[in-house]
Amino acid sequence: MAKKTVFLTGGTGNMGWAAVQEILKKPNEINLKLLARKSAKNQEKLKPLMSKPNVQIVWGDFLDYDAILEGVTGSDYILHVGGMVSPAADWKPYLTQKTNIGAAQNICKAVLAQPNADEIKVCYIGTVAETGDRNYPIHWGRCGDPLKVSIYDHYAVSKCIAERVFVESGVKNWVVMRQSGILYPDILKNMDPIMFHVPINGVLEWCTVEDSGRLMCNLVTEDAAGNLGADFWNHFYNIGSGKEYRISNYEFEQLLLGTLGLAGPEKLFDPNWFVLKNFHGQFYADGDKLEDYLHFRENLPVKDYFDRLANQVEFYFRIPRYLPKSAVAAAAKPFMKKLAKTPDFGTLDWAEKDNKVRLSAYYGTKEDWEKIPTKWKDFEIIQFDKDNSAAEQFKLDHGYDESKPESELNIDDMKQAAKFRGGECLSNKMKKGDMAGKLKWKCGHCGAEFEASPALILLGGHWCPECYIPQKAWDYDSIAKTNPFFAQVWYPNHTKEENNKYDFDELFHIDGVAWDDIKR
């Protein structure tokens, strides 16, 4: 196998660093080019890599096109893992948009500038946050389901738009992998009011950081060995560590707190500190597809994995293991409550100040919050079936005959899919099976006409770029009234009488960048 060159972004982050460690195990197979901001922290972290003959550090950031071009030039694979993420993205939403979308544009521009552009293979790491709130009974998801970014989630907005940039750029060989929540040692240390922005009965199929690193490395080695056929590329996949890692948010709290020797959630929190909706998460009905291709899962029992995480953090985080749980709970609960009262971001702060916009997004109304039991004995915990066989009864309709092979899809299938989305396919011709050629569509909600590939619409779950992915405001109530496809993921947690619209500039603390000045 000829040695391959890989350009990796986000290599100093959790998933990227895990990928670096796996790639370093293949010095005879992979040359690594790593994009990193030239900070003192990064220089110290990357110092041991600088002497390695198969590693090159490219100093620069996502908006530095010259640095991106340097990284792309001569590379066989582009692994775009990096980006601004939460909770930083929650505090600087407009900078997040500019950074994440700008990175996508620069990478695609640099790839297409290469004389061998059609030979370069690009992997974009998306996020489970793109499909947003998927609480029971829509808690099983797959690629092609509607995008539905949670209100306030500018990170996910940026990832949806960046994903569209990659798919529609003209890059010949791309793959989109939507990452789930990542389990890594420092997750045990996270103390932020966002911890209460998850519904107790929400779910997530987590992915371990080690699995994530193996995934990136195996993508390169499996493809270089000729084990990935053409059918792998130009598709969307969900990243998860499988059945063992499908847990409810309540189970996550039990595992996390128990691992550290803390009392259970019943001793540290009250149930009405947590939101009812508007936070992403789902079990993956199609998550095993990626495992079948890339064989990246360790398959360690989830309890054993949490024990491993606890042994990887500093000792003082494990001190509560050696103390009486009642004493720990008595000391910790007031601190947790203070977090929940964090101004603007804490759930109890919203309730106390009657923040109607926040309460509407995460609960429905103030009255809905008041109905949540304050005692755990009165709160219903849902028990979920986590086997793949359970997914079939919760499968969403994608609006066309999915039993047909992609090679057989034609213009009639496109028109059928468009109608189910409340709009039209304006094109009258399509080469059978051509999922990359752009067609003309019309949105039935806002009337916008736009071009998009069948791959983006049918396989990725995208639709109108003017209203479907929020760019000025979230207006999901009215979209659901005209779009049966989207209604499937809206009405399970909302009523047809709701009429909420959330404008960006009214929702966020502006961080000094005018929205209209951001190039998309």
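**Exercise 1. Find out how confident the predictor is in this predicted model, and where caution is needed.**

Solution. Start with the whole protein: its pLDDT averages 92, and 95% of the residues score at least 70. Next, look at residues 509–520, where the pLDDT is below 50. This stretch still has 26 contacts in the model beyond near neighbours in sequence. Where pLDDT is low, the predicted coordinates should not be read in detail.

**Exercise 2. Compare the span of helix α5 with the expected one, then say how covered the helix is.**

Solution. Locate α5 at residues 93–112, which makes 20 residues. From first C-alpha to last, the helix reaches 29 Å. At 1.5 Å a residue, 28 Å is expected, so the two values are close. Now check burial: 15 of the 20 residues in α5 are buried, and the helix is mostly covered.

**Exercise 3. Work out which residues lie on each face of strand β11, and how β11 pairs with β7.**

Solution. Take residues 236–239. Phe236 and Asn238 sit on one side of β11, with Tyr237 and Ile239 on the other. All four are buried, and both faces are covered. Then turn to β7, residues 173–179, which pairs with β11 in the parallel sense over four bridges. One bridge to look for joins arginine 178 to asparagine 238 in β11.

**Exercise 4. Explore the largest nonpolar core through Trp441.**

Solution. This core holds 163 residues. Met177, Met216, Phe232, Phe269 and Trp441 touch the most other members. Now zoom in on tryptophan 441: beyond its neighbours within four places in sequence, its contacts include Met414, Leu426, Phe450, Ile457 and Trp463. Finally, find the second, separate core of seven residues, among them Trp140, Val203, Phe283 and Phe384.

Conventions: Residues numbered from 1 in each chain as written. Predicted model: local features only at pLDDT ≥ 70, side-chain atom pairs only at ≥ 80, totals over all residues. Heavy atoms only, no water. Core = buried A, V, L, I, M, F, W, Y, C linked by side-chain atoms within 4.5 Å. Buried < 20%, exposed > 50% of the residue type's maximum accessible area, 1.4 Å probe, protein only. Contact = heavy atoms within 4.5 Å. Helix = DSSP H or I, 4+ residues; strand = E, 2+ residues; numbered from the N terminus. Pairing = 2+ DSSP bridges. pLDDT = per-residue confidence, 0-100.
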